[in-house]
Amino acid sequence: MSEEKKVGRRRFLTGSAVAAAAVAAPSVVKAQGPISMRWQSTWPSKDIFHEYAQDFAKKVNDMTGGDLKIEVLPAGAVVPAFGLLEAVSKGTLDGGHGVLVYHYGKQTALALWGSGPGFAMDANMLLAWHKYGGGKELLAKLYDSIGANVVSFPYGPMPTQPLGWFKNPIAKEEDLKGLKYRTVGISIDVFTALGAAVNALPGGEIVSAMDRGLLDAAEFNNASSDRVLGFPDVSKVCMLQSYHQNAEQFEIMFNKDRYNALPEKMRAIIANAVDAASADMSWKAIDRYSTDYAEMQTKDKVRFFKTPDAILKRQLEVYDQVTAKKSGENPLFKEILESQIAFARRATRWEQDTVVSRRMAYDHYFGANGTLRRT
């Protein structure tokens with residue numbers, strides 16, 4: 001064989017070997033099996049919130065073709081609901097699903113993602129601030145300040161939450177004084193200032209506490225959660241509308257080391273799954289919450305009342321006092337608050353000037369003299 005032919009053959013064989021290795025590489029990865037993650041939510045298994053957590057996990061599992069498998073356990077399966085942040089940070093759990101206000105005891109500024117009036121923003125607008133107005137960077141800074149080894153994805157805008165469940169309708173601020181009341185986050189300080197005796201409990205413990213007389217009243221979140229958790233069994237009065245949690249959202253959380261070890265493509269899938277789950281959650285909520293709201297009135301005989309405007313106004317006044325105090329004590333709290341205010345001033349002006357009131361349309365179709373009112 002000539003020297004030229006020998007060189008050509010070596011090149012061919014070398015090229016074939018490289019190509020064979022390239023083809024074989026994916027098979028080696030597949031042979032290692034899928035990456036498994038064990039998560040926990042902060043919700044009871046029967047709550048629609050736990051369903052939202054499972055919805056997100058399924059999206060990731062499906063979008064990765066099973067290469068990443070997230071299993072979501074309910075609250076208490078590994079750690080108590082309020083222990084999620086520490087468990088994920090330490091790696092006891094690979095990740096979790098909850099709300100940032102549940103970490104209030106670790107750093108009060110975390111409650112600014114959802115515990116309060118949102119400066120006239122709704123939850124979707126607060127998420128816009130988080131994603132495009134500097135909130136994402138501030139949250140990372142905040143977690144770093146307390147040594148939390150986590151990667152956080154706020155998502156899933158929640159509708160305005162009720163003032164809560166009571167023995168009797170709340171007509172004036174004085175009716176709140178002395179009530180043993182459950183809430184979380186900055187709302188603890190707000191309702192304490194309004195005269196309530198506040199107790200912060202996870203969602204799965206509230207109804208039992210009301211049944212045993214440990215609580216006189218409580219707020220949790222929405223018609224579907226409240227119904228399935230059993231609130232209509234211990235109270236027949238629910239006060240709708242409140243500023244204490246007007247703009248809350250959920251949090252998807254990963255242990256940072258576990259997350260950073262994932263392939264870049266898988267991290268990109270997770271980011272897109274967060275956005276997809278956020279939209280899907282908000283659509284599912286409209287369907288399920290409206291159904292349970294109607295059925296609680298017809299089947300469970302719950303009476304719903306609007307929270308009086310005088311109480312709503314006092315909530316805003318007290319919230320301003322509480323946040324002013326905390327801003328003076330906590331520089332990060334102040335920095336986050338000022339960032340939200342700057343974004344809200346611009347975004348809410350645009351919204352108020354641009355978006356037509358849907359109340360007029362509702363009254364036209366479904367009001368007392370509505371064209372589509374049932375007779």
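Helix α11 covers residues 264-298 in this predicted model. The helix lies across four strands: β1, β2, β4 and β10. Its course makes an angle of about 25 degrees with β4. Helix α11 also turns up in the pockets described below.

**The sheet under the helix**

The strands belong to an open sheet of five, in the order β2-β1-β3-β10-β4. The pairing is mixed. Two strands form the edges, β2 at 68-73 and β4 at 150-157, and each of them pairs on one side only. From one strand to the next, the twist averages 20 degrees.

How do β1 and β2 pair? Strand β1, residues 35-41, runs parallel to β2, and six bridges join the two. Within that pairing, Q40 has L73 of β2 as its bridge partner. In general, the strands of a sheet are held in pairs by backbone hydrogen bonds, in either the parallel or the antiparallel sense.

A second helix also packs on the sheet. Helix α5, residues 135-145, touches β4 and β10, the latter spanning 249-255. The direction of α5 makes about 135 degrees with that of β4. Helix α11, by comparison, runs at about 25 degrees to β4.

**Pockets and cavities**

The table sets out the volumes and linings of three spaces.

| Space | Volume | Lining residues | Make-up of lining |
|---|---|---|---|
| Largest pocket | about 2,200 Å³ | 43 residues | 25 nonpolar, 13 polar, five charged |
| Second largest pocket | about 620 Å³ | 22 residues | 13 nonpolar, four polar, five charged |
| Largest cavity | about 80 Å³ | 14 residues | eight nonpolar, three polar, three charged |

Take the largest pocket, with its volume of about 2,200 Å³. Closest to its centre are P159, T160, Q241, N246 and R358. Which element supplies the largest share of this lining? Helix α11 does, with eight residues. Several elements each give at least two residues to the lining of the largest pocket: α4 (123-132), α8 (223-229), β9 (237-240), α11, α13 (331-354) and α14 (358-366).

The second largest pocket has a volume of about 620 Å³. Its lining draws two or more residues from each of α4, α5, β4 and α11. The residues nearest its centre are H130, K131, K136, F153 and P154. Helix α11 thus appears in the list for the largest pocket and in the list for the second largest pocket. Helix α4 is likewise named for the largest pocket and for the second largest.

Closed spaces are a separate matter. How many cavities of 30 Å³ or more does the whole structure hold? The search finds four. The largest has a volume of about 80 Å³. Y102, F220, N221, Q245 and E248 are the lining residues closest to its centre.

**Two residues with positive phi**

Most residues other than glycine have a negative phi. Two residues here depart from that pattern.

A120 has phi near 75 degrees, a positive value, and is not a glycine. This residue sits in the loop between β3 (95-98) and α4. Is A120 buried or exposed? Its relative accessibility is 52%, so A120 counts as exposed, the cut-off being over 50%.

Q241 also has a positive phi, of about 75 degrees, without being a glycine. The loop between β9 and β10 holds this residue. At 41% relative accessibility, Q241 falls between the limits of 20% and 50% and therefore counts as partly exposed. Q241 is also one of the residues closest to the centre of the largest pocket.

**F366 in helix α14**

F366 lies in helix α14. What does F366 touch, leaving aside neighbours within four places in sequence? Its contacts are L372 and R373. With a relative accessible area of 46%, F366 is partly exposed.

**The protein as a whole**

The protein has 375 residues, and 48% of them count as buried. It contains 14 helices and eleven strands. Along its principal axes, the C-alpha trace spans about 100 × 55 × 45 Å. Consider the contacts between residues at least 6 apart in sequence: 77% of them join residues at least 24 apart.

Note on methods: Residues numbered from 1 in each chain as written. Predicted model: local features only at pLDDT ≥ 70, side-chain atom pairs only at ≥ 80, totals over all residues. Heavy atoms only, no water. Pairing = 2+ DSSP bridges. Axes fitted to C-alpha atoms, helices over the stretch in contact; angles between N-to-C directions. Contact = heavy atoms within 4.5 Å. 1 Å grid on protein atoms, 1.4 Å probe; cavity = no way out; pocket = protein on both sides within 12 Å on 5 of 7 lines; lining within 4 Å. Points joined across faces, edges and corners; volume = space filled by probe spheres on them. Nonpolar A, V, L, I, M, F, W, Y, C, P; charged D, E, K, R; others polar. Buried < 20%, exposed > 50% of the residue type's maximum accessible area, 1.4 Å probe, protein only.
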